[in-house]
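Dear colleague,

I am handing over a structure that you have not worked with before, and I would be glad if you could look through it with the notes below beside you. The notes follow the model itself.

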Amino acid sequence: MKILMSLILILMAFAAVAQGHLDVQTTVQKQETFVNEAGETEQRLVAADVAVPGERVIYTMTFTNISDESAEKVVITNPIEDGLVYVDGSAFGPGTDITFSVDDGASFAAASDLTVTEDGESRPAEAKDYTHIRWVMKNDLAAGAQATARFAAILE
Amino acid sequence: MISLLRAMLSATRVLLVRAVMCAVLTLALMQHTFAVGTVVGTIIENTATVDFVFVNSAERVVSNTITFLVAERVDVVVTPQSGQVVVLPNGTARSLLFTVTNTGNGTESFLLAINSIVAGDDFDPIPALPDSIFFDTGAPTVVVRLGDPTLVDGLQTVVFQVTID
């Protein structure tokens, strides 16, 4: 009986760790043009289950503090996968500083401070060079609070 | 049209022969290879990471992994290569050269057809029978009819369209 109780406690402990204090959900969507009831053309976001080269997809990360304490120094990192090219200026995140990496996530800097070495010569980094995006929250994320980060990319 | 044209021709004339080749697309099996765009069938995954400090201790959580599938973009470019073609009165078997390039992200069969009647001129050449489309095999003098081409994405073939006046 004692052993069983210990096992249950261990399992509960694991469950707590797995859940963590923040929850983060990612979605990928694309813009769709449709005609509304008034006959006007409008845009809406729909789930991107499939995309063709040249199409723009939008990633949205929603992160929620599911604990009863503030989370400090919250940093969201998202890779720009092979086959995708970041859309310049599309990264968005209220209350965050947005930085980029051109070295597979080893270091991050503001877009204007990034350089790439090509054929032995240094040049300013372009959107196509970015491998990761990072959002650094300026303030703590209070208990129960939710925040959002978003960017767009073109499928090559 | 042709008789009218012949009546008009009293001397050798150079005509810019304009013709349009219509590439009608048929679906072919998916095939992975090097690509113009991301190859059809590729799955693009993405997972976000969140690092934070919780009650003085560093923690990291990862998001769900979201995926989407790269679908096929069917795209083809037909480019005239001949420029001006000289046609003499009663001339026959003049050829026009085109390249057909698969600019999509999957392997496709391209069904080629000829439309030699182009508005804006009186020159309406008749496609040769039984076949008027030939494919360049790469040999210097031999042109062999191969049937409609199946092109891996990014590759192209050279097509001769032969017409008789």
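A good place to begin is Phe151(A), which, once its neighbours within four places in sequence are left aside, is in contact with Tyr59(A), Tyr86(A), Ser90(A), Ala91(A), Phe92(A) and Ile133(A). Please keep in mind throughout that this is a predicted model.

Phe151(A) also belongs to the largest nonpolar core, which has 37 residues, and it is among the members that touch the most others, together with Val57(A), Met61(A), Phe63(A), Ile76(A), Ala153(A) and, from the other chain, Val50(B). At least two residues of this core come from each of β1 (22–35), β4 (56–65), β5 (71–79), β6 (84–86), β10 (132–137) and β11 (146–155) in chain A, and the same holds for β4 (49–54) and β6 (66–70) in chain B. The element that gives the most to this core is β11(A), with 6 residues. There is also a second, separate core of 7 residues, and Phe98(B), Phe110(B), Ile133(B) and Leu151(B) are included in it.

As for the overall make-up of chain A, its secondary structure amounts to 1 helix and 11 strands, and along the sequence the helix comes before the strands, in the pattern α-β-β-β-β-β-β-β-β-β-β-β. Chain A has 156 residues, of which 26% are buried. Among the contacts in chain A with a separation of 6 or more, 74% are between residues that lie 24 or more positions apart.

Turning to where the two chains meet, the contact takes 35 residues from chain A and 27 residues from chain B. On the side of chain A that touches chain B, the elements giving two or more residues are β1, β3 (50–51), β4 and β5 of chain A, and β5(A) gives the most, with 9 residues. The residues on this side of chain A divide into 19 nonpolar, 10 polar and 6 charged.

Strands of both chains also take part in shared sheets. One of these is an open sheet of 5 strands in the order β7(A)-β10(A)-β5(A)-β4(B)-β5(B), with antiparallel pairing. The strands at its edges are β7 (96–101) of chain A and β5 (57–62) of chain B, each with a single partner strand, so one side of each is left without a neighbour in the sheet. On average, and with direction ignored, neighbouring strands of this sheet are turned by 20° against each other. Within chain A, β5(A) and β10(A) run antiparallel and are joined by 5 bridges, and here Val75(A) stands opposite Val136(A) in β10(A).

Another open sheet has 3 strands in the order β3(A)-β6(B)-β3(B), and its pairing is mixed. Which strands stand at the edges of this sheet? They are β3 of chain A and β3 (43–46) of chain B, and each has a single partner strand, so one side of each is left without a neighbour in the sheet. The link between the chains is parallel, with 2 bridges joining β3(A) to β6(B), and Ala51(A) stands opposite Val70(B) in β6(B). Inside chain B, by contrast, β3(B) and β6(B) pair in the antiparallel sense over 4 bridges, with Ile44(B) standing opposite Phe68(B) in β6(B).

With best wishes

Definitions and conventions. Residues numbered from 1 in each chain as written. Chains lettered and ligands numbered in written order. Predicted model: local features only at pLDDT ≥ 70, side-chain atom pairs only at ≥ 80, totals over all residues. Buried ≥ 20, exposed ≤ 12 C-beta atoms within 10 Å, placed from the backbone. Contact = placed C-beta atoms within 7 Å. Core = buried A, V, L, I, M, F, W, Y, C linked by C-beta atoms within 7 Å. Nonpolar A, V, L, I, M, F, W, Y, C, P; charged D, E, K, R; others polar. Pairing = 2+ DSSP bridges. Axes fitted to C-alpha atoms, helices over the stretch in contact; angles between N-to-C directions.
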